[in-house]
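Here is a small set of exercises for getting to know a structure you haven't met before. Try each task by yourself, then walk through the solution.

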Amino acid sequence: MVFDFNGTLYQDTPYHEQAWREFAKDLLGRELTDEEFREIHGRTNAVILARLLNRPLSSEEAERLSVEKEKVYQKIVAQKGKPQLTKGATAFFDYLKEQGIPFTIATASGKFNVDFYFELFELARWFDYEQVVYGDGTLPGKPAPDLFLEAARRLGGNPNEMVIFEDSHLGLEAAKNANPAKIIAIETAGNRRELAASGLPDLIITDFTDPRLFN
């Protein structure tokens, strides 16, 4: 099984939105347009920054700006009190471990945030860091399937046998392009109708307490 992280295992979409608004205002000297904002979800920071600045960025500049943005995000998270993973996630991880089912994370987030999450949520209790796939610039971002395909490779499994958990439309497209056995969408901010209309997920759940996950 392969899990997206942001919006799937951790309901932090509003925090990222706030961080991008604050960071972009400093970077661009103006507010993001609605169109620009719609382009953010599911993409790597390098892609987002190049689009916002309307020019190519060196890997060094992209990394520097990305870290600056994520510092804003992490400060926002720290102000929200003790964060929690999506309801039922830790119990589901325990179940997967008991059943001997391999699982990992495939996320567009960069190493700076992945390290933050591993410490914040003590993810090493369930996840092998070396098997986690994150946006380090070496793989095409979503909707390309490469993050998920690499996750399957690191787990030593067949991509066609994967079950992928996602929340964003872009992520669901990437999941579909990986041709997995099943795609499960996490409902966020009341978007169940939108998820269903996309025709991309095989199953839509509200959280990880859904009994259908344990069949």
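**Exercise 1: the domains**

Task: Find which domains the protein chain is divided into, and how far apart their C-alpha centres lie.

Solution: Keep in mind that you're looking at a predicted model.
- Step 1. The chain is split into domain 1 (2-11 + 83-213) and domain 2 (13-79).
- Step 2. Take the C-alpha centres of domain 1 and domain 2: they lie 22 Å apart.
- Step 3. Now look at where they meet. With heavy atoms within 4.5 Å counted as a contact, 15 residues of domain 1 are in contact with 14 residues of domain 2.

**Exercise 2: the sheet**

Task: Work out the order of the five strands in the open sheet, and name the edge strands.

Solution:
- Step 1. Read across the sheet and you get E2-E1-E3-E4-E5, with parallel pairing.
- Step 2. The edges are strand E2 (104-105) and strand E5 (203-205), since each of these pairs on one side only.
- Step 3. Zoom in on one pair. Strand E1 (residues 2-3) runs parallel to strand E3 (residues 163-166), and two bridges link them. Here Val2 sits opposite Ile164 of E3. As background, strands of a sheet pair through backbone hydrogen bonds, either parallel or antiparallel.
- Step 4. Add a helix to the picture: helix H8 (residues 169-177) lies across E3 and strand E4 (182-186). The angle between H8 and E4 is about 170 degrees.

**Exercise 3: the largest pocket**

Task: Say why the largest pocket lies between domain 1 and domain 2, then describe its lining.

Solution:
- Step 1. Domain 1 (2-11 + 83-213) and domain 2 (13-79) both give residues to the lining of the largest pocket, so this pocket lies between them.
- Step 2. Its volume is about 630 Å³.
- Step 3. The lining has 33 residues, and those nearest the centre are Thr13, His41, Gly42, Asp167 and Ser168.
- Step 4. Which helices chip in? Helix H1 (13-28), helix H3 (45-53), helix H4 (59-78), H8 and helix H9 (192-198) each supply at least two lining residues. H1 has the largest share, with five residues.
- Step 5. Sort the lining by class and you find eight nonpolar, 15 polar and 10 charged residues.

**Exercise 4: the second largest pocket**

Task: Do the same for the second largest pocket: where does it lie, and what lines it?

Solution:
- Step 1. Residues of both domain 1 and domain 2 appear in the lining of the second largest pocket, so this one lies between the domains too.
- Step 2. The second largest pocket has a volume of about 420 Å³.
- Step 3. There are 23 lining residues, with Ala46, Glu63, Gly135, Asp136 and Gly137 nearest the centre.
- Step 4. H3, H4 and helix H6 (111-121) each bring at least two residues to this lining. H4 gives the largest share, six residues.
- Step 5. By class, the lining comes to nine nonpolar, 10 polar and four charged residues.

**Exercise 5: the cavity**

Task: List the residues that line the largest cavity, and say which helix gives the largest share.

Solution:
- Step 1. Count cavities of 30 Å³ or more, and you get one. The largest cavity has a volume of about 40 Å³.
- Step 2. The lining is made of Phe5, Ile105, Thr107, Val114, Tyr117, Phe118, Leu123 and Val132.
- Step 3. H6 gives the largest share, three residues.
- Step 4. Seven of the lining residues are nonpolar, one is polar and none is charged.

**Exercise 6: backbone oddities**

Task: Find where the cis peptide bond is, and where Asn54 has its place.

Solution:
- Step 1. Start with the background: most residues other than glycine have a negative phi, and most peptide bonds are trans.
- Step 2. The cis bond joins Lys142 and Pro143, with omega about 20 degrees. Pro143 belongs to the loop between H6 and helix H7 (146-155).
- Step 3. Asn54 has a positive phi, near 60 degrees, though this residue isn't glycine. You'll find Asn54 in the loop between H3 and H4.

Definitions and conventions. Residues numbered from 1 in each chain as written. Predicted model: local features only at pLDDT ≥ 70, side-chain atom pairs only at ≥ 80, totals over all residues. Heavy atoms only, no water. Pairing = 2+ DSSP bridges. Helix = DSSP H or I, 4+ residues; strand = E, 2+ residues; numbered from the N terminus. Axes fitted to C-alpha atoms, helices over the stretch in contact; angles between N-to-C directions. 1 Å grid on protein atoms, 1.4 Å probe; cavity = no way out; pocket = protein on both sides within 12 Å on 5 of 7 lines; lining within 4 Å. Points joined across faces, edges and corners; volume = space filled by probe spheres on them. Nonpolar A, V, L, I, M, F, W, Y, C, P; charged D, E, K, R; others polar. Domains from an automatic or database assignment.
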